[in-house]
Every structure is written in C-alpha cells, then in structure tokens.
Amino acid sequence: MSALLTVDKISSGYGDIPVLRDVSLQVGSNEIVSVVGANGAGKTTLLRSIAGLLPCTRGTIQFDGRRIDGLPAHQVVVRGLVMVPEGGRLFPFMSVQENLELGAFNGSARPQLQATLEEVFNLFPILASRRGQLAGSLSGGERQMCAIARAVMSQPKLLMLDEPSLGLSPLMVERMFEIIAALAHSKRIAVLLVEQNVGDALEMAHRGYVVERGQIVKTGSGPDLLADPEVQQAYLGL
Ligand code: ATP
C-alpha cells in the first residue's frame with residue numbers, strides 16, 4: 001500500500017487542553033479508512049488537525065509525498081485534501097448549484113468546473129433535480145450529499161468526512177455509506193471517515209482505527225475490528 005496520508009505521532013488540543021496524544025495513522029490511495037469512537041473521543045479534533053485548522057503541538061503529517069503540518073488550511077485544500085465538516089455547513093441562502101460551484105474556487109479545479117459539475121450531477125441525480133433550490137430547503141440527507149458533492153468539486157485526492165451519518169434515518173445512513181463507497185470507487189478518491197456509528201462505518205471501510213480519549217487504541221481491517229469482542233461490547237452493544 002502506498003500511503004497517501006501519513007499522520008505520525010501528532011498531538012494537538014485547544015489552548016492548554018490537550019486532546020490528541022501521539023496519534024498515528026495512514027490512508028492509502030483509493031483506500032476507505034474509518035476512525036470510530038465515542039462522543040468526545042477526539043475524532044473531530046483529529047480531522048481539524050490534519051486539515052490545518054488546528055495546529056499540531058507535536059508530530060508530523062505527510063500528504064502525497066509532502067509535509068503539510070504547519071500549512072494553512074487553504075493550502076492543504078489546494079493539495080487535494082478536503083474536509084466535509086459535521087452537518088456540511090452549506091450556504092443556506094444560496095442555491096445547490098451555487099454551493100457546488102464554490103467548491104471549485106481553487107485555481108486547479110476552476111477550469112474544469114463545468115465538467116466536474118456534470119460529473120457530480122451524474123453521481124448525485126437528486127442534486128441535479130434540485131440545482132436551483134436553496135440549499136437551506138434540502139432534507140438532511142440531501143444536504144449531506146450536497147456538502148460531499150461540493151468537496152468533490154475541488155478535485156480532491158482524499159476526502160475527510162466528519163460524521164456523515166449524523167441525524168439521518170437508518171435507511172438514509174445505509175444509502176449515504178453506499179454513495180460514499182461508490183464515489184470513492186468511481187472517482188478514485190481516498191476517504192478518511194470519522195463516525196460514532198461504529199458498525200456501519202467499519203462495515204464500509206477497508207481498515208479502521210478506534211480512538212478513545214485522544215489516543216488510537218486499536219487498528220485493523222474493517223471485518224477484523226467488527227469481529228473484535230472488545231469493539232462489539234463497547235460500541236455495538238453485543
Ligand atoms: P463528537 O462526535 O461529539 O464531535 P469527537 O470524537 O469528534 O466527538 P472532539 O469534538 O474532537 O470529539 O472533542 C474532543 C475533546 O475536545 C472533547 O473533550 C471536547 O470537549 C474538547 N473540545 C472540542 N472542541 C473544543 C474547543 N473548541 N475548545 C475546547 N475544547 C474542545
């Protein structure tokens with residue numbers, strides 16, 4: 001496996017409050033990796049640290065052969081590492097299409113805006129039919145799709161998704177994970193997903209990491225982690 005992203009022993013936190021300690025993980029090209037753990041374990045903090053939104057106090061991050069720790073977030077995006085925050089954070093008073101077009105603001109994605117827009121509408125037909133509608137009027141699932149599609153507009157090599165299943169019905173959760181897997185496959189995008197929905201997230205992942213109190217406590221293939229008695233007891237209610 002050639003590692004696209006290598007996080008090596010990073011620590012980070014908020015002011016004097018340490019949250020992540022010595023966290024290491026890797027994501028290979030075209031790989032889907034899930035980071036699972038309870039509420040408050042540090043999953044969002046991990047994504048924010050990788051995205052350059054929160055400085056690391058220790059450790060290094062390599063992406064696509066270059067160090068990215070210390071770079072401002074917008075430079076990380078330009079290199080092809082894009083985060084979809086929890087809830088999607090769309091602009092509610094702009095149309096679906098306007099939100100999507102904003103995803104292609106960076107220099108390398110802009111010339112291909114029309115072609116990528118067509119591609120995204122093929123991947124997410126519901127967004128094509130709602131392209132003129134205000135983003136604020138979309139359902140929870142559609143909003144999440146629009147946020148993912150907006151990230152795809154920037155031509156990412158790696159998508160980081162923060163709790164894409166949050167607030168969705170069980171049926172919609174299943175559909176959302178299917179869409180993410182299909183997207184990763186068809187566009188050859190690697191995915192780093194953080195989730196409290198441990199079962200579904202590990203089921204769709206090639207590999208996973210379990211995070212507790214800011215540290216990685218277990219790693220393995222998706223099926224191995226799902227079969228792990230400690231994971232089953234702590235997170236799957238078995
Ligand atoms: P959730 O699923 O609830 O978002 P999480 O695993 O993503 O959980 P984080 O949001 O990364 O967890 O939070 C990890 C710890 O950092 C928690 O103890 C939280 O209270 C703390 N924390 C998060 N954001 C801040 C902040 N802006 N300032 C101070 N502490 C924070």
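Two strands are taken to pair if DSSP finds at least two bridges between them; helices (H or I, at least four residues) and strands (E, at least two) are DSSP runs, numbered from the N terminus. The structure is a predicted model, in which local features need pLDDT of at least 70 and side-chain atom pairs count only at pLDDT 80 or more, whereas totals for chains, interfaces and linings use all residues. Residues are numbered from 1 along each chain as its sequence is written, and side-chain values use heavy atoms, with hydrogens and water left out.

An open, antiparallel sheet is formed by four strands in the order β2-β1-β4-β5. Its edges are β2 (17-28) and β5 (66-67), each of which pairs on one side only. Helix α1 (residues 43-50) packs on this sheet and touches β1 (3-14), β2 and β4, contact being defined as heavy atoms within 4.5 Å. The direction of helix α1 makes about 115 degrees with that of β1; axes are lines fitted to C-alpha atoms, for helices over the stretch in contact, and angles run from 0 to 180 degrees between N-to-C directions. At the β5 edge, strand β4 (residues 58-63) pairs with β5 in the antiparallel sense over two bridges. Glutamine 62 has arginine 67 of β5 as its bridge partner.

A second open sheet, with mixed pairing, contains six strands in the order β6-β7-β8-β3-β9-β10. Strands β6 (81-84) and β10 (215-221) are its edges, each pairing on one side only. Neighbouring strands of this sheet are turned by 15 degrees against each other on average, direction ignored. Strand β9 (residues 207-212) runs antiparallel to β10, with six bridges between them, and tyrosine 209 is bridged to threonine 219 in β10.

Within the six-stranded sheet, strand β8 (residues 190-195) is largely enclosed by the rest of the structure, because six of its six residues are buried (under 20% relative accessible area, with exposed over 50% and partly exposed in between; 1.4 Å probe, protein chains only). In a regular strand the side chains alternate between the two faces of the sheet. In β8, Ala190, Leu192 and Val194 point one way, and Val191, Leu193 and Glu195 point the other way. Strand β3 (residues 32-36) pairs with β8 in the parallel sense over five bridges, and isoleucine 32 stands opposite valine 191. Strand β7 (residues 158-162) is likewise parallel to β8, over five bridges, with leucine 161 opposite leucine 193. Together with helix α7 (residues 170-187), β7 and β8 make a right-handed β-α-β unit; with the strands pointing away from the viewer, the path from the first strand over the helix to the second runs clockwise.

Helix α6 (residues 140-152) also packs on the six-stranded sheet, touching β6 and β7, and its direction makes about 165 degrees with that of β6. Isoleucine 148 lies in helix α6 and counts as buried because its relative accessibility is 0%. Beyond its neighbours within four places in sequence, isoleucine 148 is in contact with Val84, Phe124, Leu159, Leu161, Met176, Ile180 and Leu183.

The ligand is surrounded by 13 residues (a heavy atom within 4 Å), and the closest are Asn39, Gly40, Lys43, Thr44 and Thr45. Polar contacts are pairs of N or O atoms within 3.5 Å. A polar side-chain atom of asparagine 39 lies 2.3 Å from an oxygen atom of the ligand. Backbone N or O atoms lie 2.7 Å from a ligand oxygen atom for glycine 40 and 3.0 Å from one for alanine 41.

Note on methods:
Polar contact = N/O pair within 3.5 Å; in protein donor to acceptor, adjacent residues only side chain to side chain.
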